[in-house]
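Work through the exercises below with the sequence and the structure at hand. Each task is followed by a solution in steps.

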Amino acid sequence: MCGIVGIYSQGPVAAELHDSLIHLQHRGQDAAGILTCDERFYTKHGLGLVREIFTVDDVVKLHGNIGIAHTRYPTAGGYNLADVQPLWIGSPRGIALAHNGNLVNYKELATEITQKKHRHLNSSIDSEVLLHLFADGLDDKNYVQDDEEAFFSIVCDAVKNIFTTATGSYSAVSVVIGKGLVAFRDPHGIRPLVLGERTNKNGSKDYIVASETTMFYALGFEPKGDIQAGEVIFVNRSGKLFRKIVQKKQFSPCIFEYVYFARPDSTLDAVSVYRSRLRMGQNLAGHWKEKYPDILPDVVIPAPFTSNTAALSFAHELGVRYSEGLYKNPFIGRTFIMPDGQQRSRSVRYKLTPQRTEIQDKKVLILDDSIVRGTTSREIVKMVREFGAKEIYFASACPPIKHPCFYGVDIPSRKELIAAHDTLEQIREFLGVDKLLYQKIDDLVEAVTRRGDHHIERPCMACMDGVYVTGNINEKTIQELEKQREKERNEF
Ligand code: SF4
């Protein structure tokens with residue numbers, strides 16, 4: 001999972017790209033980069049948090065009124081500068097790209113590029129392959145001409161070619177020197193991509209394309225809906241917007257965005273993330289009442305912050321007290337993002353402090369957004385027990401996660417997923433809780449799709465039900481991809 005943003009503006013874009021990355025920081029904390037352009041590219045990349053990478057001087061030196069930026073959360077490649085986006089190449093003309101997602105057939109495509117086309121790939125990330133595929137599509141075309149309609153048609157053909165060649169998930173923003181800003185979203189629309197517009201005093205328009213709407217308000221952009229599955233957009237140098245759906249398949253945005261990843265103030269695919277989480281809490285409470293009609297906790301405590309919203313409505317539905325009985329230090333990153341298991345487990349105690357007044361002698365229900373490996377949840381339970389809880393129940397707003405994700409979220413191998421190999425009772429014992437409840441898949445889908453003028457046909461929930469929407473993933477592929485990811489983790 002990563003955060004991407006592209007801006008076309010009448011004025012310089014670097015500062016706004018920087019501020020956008022701050023608003024996308026929750027989508028990746030490993031590294032970040034900004035690329036702007038006028039007649040050439042200007043770049044600044046670094047490892048770490050956005051505020052650690054960019055100085056005011058850096059931002060001032062990034063000239064131009066078109067640019068793209070990226071904040072990185074690794075699901076492919078490692079922890080080094082060569083893997084930090086945006087990436088760019090000088091032929092044809094100068095094309096830069098930032099990508100959120102994952103190419104399932106990265107290895108085959110990389111082999112084709114390096115061994116058949118004799119090109120060099122300088123990174124270990126699939127985004128570089130995507131950039132080459134896009135550049136290939138523009139390569140043999142005479143787009144130097146000033147016919148912007150013709151250029152857009154060439155861009156659409158190039159992206160269509162990507163759609164038939166690259167399988168997996170990809171939302172991308174790109175800059176073509178001398179032409180403008182391009183963005184596209186894979187035909188299933190797995191990863192999000194939203195569009196915003198701002199009207200200047202002289203009536204001209206600025207545009208933003210981003211993973212989430214989180215920065216729109218701060219930067220003065222109005223949300224203008226989503227880039228559709230299989231859609232390409234192009235903003236030329238005079239600010240004219242072109243858009244076209246070049247290929248469409250079943251619209252299957254990632255449901256885990258609503259559960260965990262996206263910020264609650266985002267609206268993705270016409271569904272408010274905040275409202276969907278409230279509904280997750282409602283549905284989960286309904287399930288609790290069915291399963292445990294005679295058991296009522298004294299207090300519902302969220303594992304902060306992602307599950308706060310679901311815990312609030314869960315407590316409301318049960319008619320019990322919602323309590324922030326675990327205080328979170330906001331200056332430590334989310335544990336799910338930390339790549340190393342031991343580090344993850346240790347960091348829980350740095351990050352969360354239990355409040356004795358809210359816990360001691362109480363029947364506590366801890367509500368978390370999901371249980372991935374189980375190690376974080378177990379650590380939280382231990383802490384709550386140490387602070388004197390009488391009984392502990394655990395509820396997950398997400399159904400059991402049993403399958404790896406190959407579409408850009410770090411759920412890499414079944415070995416690490418507790419629900420892939422343990423029964424419900426074994427998980428309950430591992431966590432050390434008195435009762436354990438998971439959301440039902442249908443209830444999760446209902447929570448996300450109940451409201452909003454959306455066109456979601458069937459959200460991707462492959463990590464829960466094993467149905468991979470791109471259709472080209474079988475047991476053999478899963479084993480190969482699991483091995484590949486494990487190898488990358490061990491190397492970095
Ligand atoms: Fe999202 Fe899970 Fe699908 Fe991955 S497999 S894209 S995490 S729903």
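A residue counts as buried when its relative accessible area is under 20%, as exposed when that area is over 50%, and as partly exposed in between. The model used throughout is a predicted one.

**Exercise 1. Helix α5**

Compare the expected span of helix α5 with the distance between its end C-alpha atoms, and decide whether the helix is largely enclosed.

Solution.
- Helix α5 covers residues 126-139, which is 14 residues.
- The expected span is 1.5 Å times one less than the number of residues, and for α5 this comes to 20 Å.
- The end C-alpha atoms of α5 are 20 Å apart, in agreement with the expected value.
- Of the 14 residues of α5, 13 are buried, so the helix is largely enclosed by the rest of the structure.

**Exercise 2. Domains and a residue pair**

State the bounds of the domains and how far apart their C-alpha centres lie; then place Ile22 in its helix.

Solution.
- The domain assignment gives domain 1 as residues 3-249 and domain 2 as residues 273-466.
- Between the C-alpha centres of domain 1 and domain 2 there are 34 Å.
- Ile22 belongs to helix α1, residues 14-23.
- With a relative accessible area of 38%, Ile22 is partly exposed.
- Glu108 is 86 residues from Ile22 along the chain, and their C-alpha atoms are separated by 35 Å.

**Exercise 3. Salt bridges**

Find how many salt bridges the whole structure holds, and examine the pairs Glu212 and Arg27, Arg428 and Glu425, and Asp465 and Arg458.

Solution.
- The search of the whole structure returns 29 salt bridges.
- Glu212 and Arg27 form one of them, with N to O at 2.6 Å.
- This pair joins distant parts of the chain, as Glu212 sits in the loop between β10 (205-210) and α7 (216-219) and Arg27 in the loop between α1 and β2 (31-37), 185 residues apart.
- Both Glu212 and Arg27 are buried.
- Glu212 and Arg27 also belong to a network of salt bridges that includes Arg191 and Glu257.
- Arg428 and Glu425 meet at 2.7 Å, N to O.
- Arg428 and Glu425 are 3 residues apart in helix α15 (residues 424-431), so about one helical turn separates them.
- Arg428 is partly exposed at 22% relative accessible area, and Glu425 is partly exposed at 41%.
- In the pair of Asp465 and Arg458, the closest N and O atoms are 2.6 Å apart.
- Asp465 is partly exposed at 24%, and Arg458 is partly exposed at 24%.

**Exercise 4. The ligand shell and the cysteines**

Describe the residues around the ligand, and explain why Cys398 has no bond to the closest cysteine sulfur.

Solution.
- The ligand is surrounded by Ile190, Arg191, Cys254, Ile255, Phe256, Cys405, Tyr407, Val409, Cys460, Met461, Ala462 and Cys463.
- This shell divides into 11 nonpolar residues, no polar residues and 1 charged residue.
- Arg191, one of the shell residues, also takes part in the salt-bridge network with Arg27, Glu212 and Glu257.
- A disulfide requires two cysteine sulfur atoms within 2.5 Å, and the count by this rule is 0.
- For Cys398, the closest cysteine sulfur is that of Cys463, 6.3 Å away, which is too far for a bond.
- Cys398 is buried at 0% relative accessibility, and Cys463 is buried at 10%.

How values were computed:
Residues are numbered from 1 along each chain as its sequence is written. This is a predicted model: local features need pLDDT of at least 70, side-chain atom pairs count only at pLDDT 80 or more; totals for chains, interfaces and linings use all residues. Side-chain values use heavy atoms; hydrogens and water are left out. Domain bounds come from an automatic or database domain assignment. A residue is near a molecule or strand if one of its heavy atoms lies within 4 Å of it. Ala, Val, Leu, Ile, Met, Phe, Trp, Tyr, Cys and Pro count as nonpolar, Asp, Glu, Lys and Arg as charged, and the others, Gly among them, as polar. Helices (H or I, at least four residues) and strands (E, at least two) are DSSP runs, numbered from the N terminus. Buried means under 20% relative accessible area, exposed over 50%, partly exposed in between (1.4 Å probe, protein chains only). A salt bridge is a side-chain nitrogen of Lys or Arg within 4 Å of a carboxyl oxygen of Asp or Glu.
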